[in-house]
Amino acid sequence: MKLILLGPPGAGKGTQCKRIVDKYSMAHLSSGDILRAERKANSELGQKAQSYMDSGALVPDELIIDMMIGAIKKAPAGYVLDGFPRTIAQGEGLDAALEKAGEKIDGIVNLQVPDEPIMARMTGRRSCPVCGAVYHIENLKPKVDGQCDKGCGELVQRKDDMPEVVSCRLKTYHEQTAAVIGYYQRNDNNIIDIDANQDIDRVTADIFSKLDALNG
Ligand code: ADP
Ligand code: AMP
């Protein structure tokens, strides 16, 4: 299967993608994770992306489109895109590359959450800098406070999960990313709306029931 997961920052895209790829054996292509790895490696792309990410702005489309098309080419058997596309231009770039390769997206999972719970979800998020696992101080606690369950060590709070940056990221979402859903609706895609304002396991169950039907 080839899927896109859409939703505001903090909707639960990363959390649900990890569960989807475990069940359906696909690659998890997260633009945010790829950018953070580029930054860790201090690559040219990582350096270019840094200031945008730290302020809650979007990294320029041309950098992101090339990066994600490159990642998609390495996952021919199936993937779920997490955090991409985030602008209509990125959606158009993706569509052009898919058309050229004779491929298509099977479904677009749209995680719907109002703004109110987002601040608490993002400021309470704790991430493992080694394996990328994501926890929450209330909603998804690690077994030992502050430690990754997989034995990697200390969990960290992402700089862009501080309240001031979260506000900017939500603004960026409404100004630039929310319109991507309309882009896909206009282009007759298979959009699967999911109520993501429920507890994590309930959201997973709803996604799995829709994907089981899609997977046939
Ligand atoms: P995204 O990838 O969309 O930015 P994440 O999957 O990283 O979002 O989730 C953001 C934070 O919210 C994490 O700390 C996660 O544990 C928590 N979270 C995810 N889904 C839910 C949910 N349905 N209810 C409550 N908290 C959630
Ligand atoms: P995420 O991990 O998805 O929350 O993304 C973290 C940050 O990386 C965002 O706030 C952006 O600065 C940047 N980013 C991730 N994906 C994209 C994208 N598709 N387009 C532009 N910037 C992105």
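A polar contact is taken here as a pair of N or O atoms within 3.5 Å. In the predicted model, a polar side-chain atom of Ser31 meets this cut-off with respect to ligand 2, lying 2.8 Å from a nitrogen atom of the ligand. Two arginines approach oxygen atoms of ligand 2: a polar side-chain atom of Arg169 is placed 2.6 Å from one oxygen atom, and a polar side-chain atom of Arg86 is placed 3.0 Å from an oxygen atom. On its own, ligand 2 has 480 Å² of accessible area, of which the protein covers 95%.

The shell around ligand 2 comprises 16 residues, and those that come nearest are Ser31, Ala57, Gly83, Gln90 and Arg169. By residue class, the shell contains seven nonpolar, four polar and five charged residues. Helix 2 (residues 31-40) provides the largest share of the shell, with four residues.

Arg169 also belongs to the buried set of helix 7, together with Val165, Val166, Leu170, Thr172, Tyr173 and Thr177. Viewed down the axis of helix 7, the buried residues fall within an arc of 160° and therefore line one face of the helix. The face turned away from this buried side carries Glu164, Lys171 and Glu175, which are exposed. Helix 7 spans residues 163-177, 15 residues in total, and its first and last C-alpha atoms are 20 Å apart, close to the 21 Å expected at 1.5 Å a residue. Arg169 is thus a buried residue of helix 7 and one of the residues that come nearest to ligand 2.

Methods:
Residues numbered from 1 in each chain as written. Chains lettered and ligands numbered in written order. Predicted model: local features only at pLDDT ≥ 70, side-chain atom pairs only at ≥ 80, totals over all residues. Heavy atoms only, no water. Near = heavy atom within 4 Å. Polar contact = N/O pair within 3.5 Å; in protein donor to acceptor, adjacent residues only side chain to side chain. Areas by Shrake-Rupley, 256 points an atom, 1.4 Å probe, with all protein chains shown as cover. Helix = DSSP H or I, 4+ residues; strand = E, 2+ residues; numbered from the N terminus. Nonpolar A, V, L, I, M, F, W, Y, C, P; charged D, E, K, R; others polar. Expected span 1.5 Å × (residues − 1). Buried < 20%, exposed > 50% of the residue type's maximum accessible area, 1.4 Å probe, protein only. Arc of directions from axis to C-beta.
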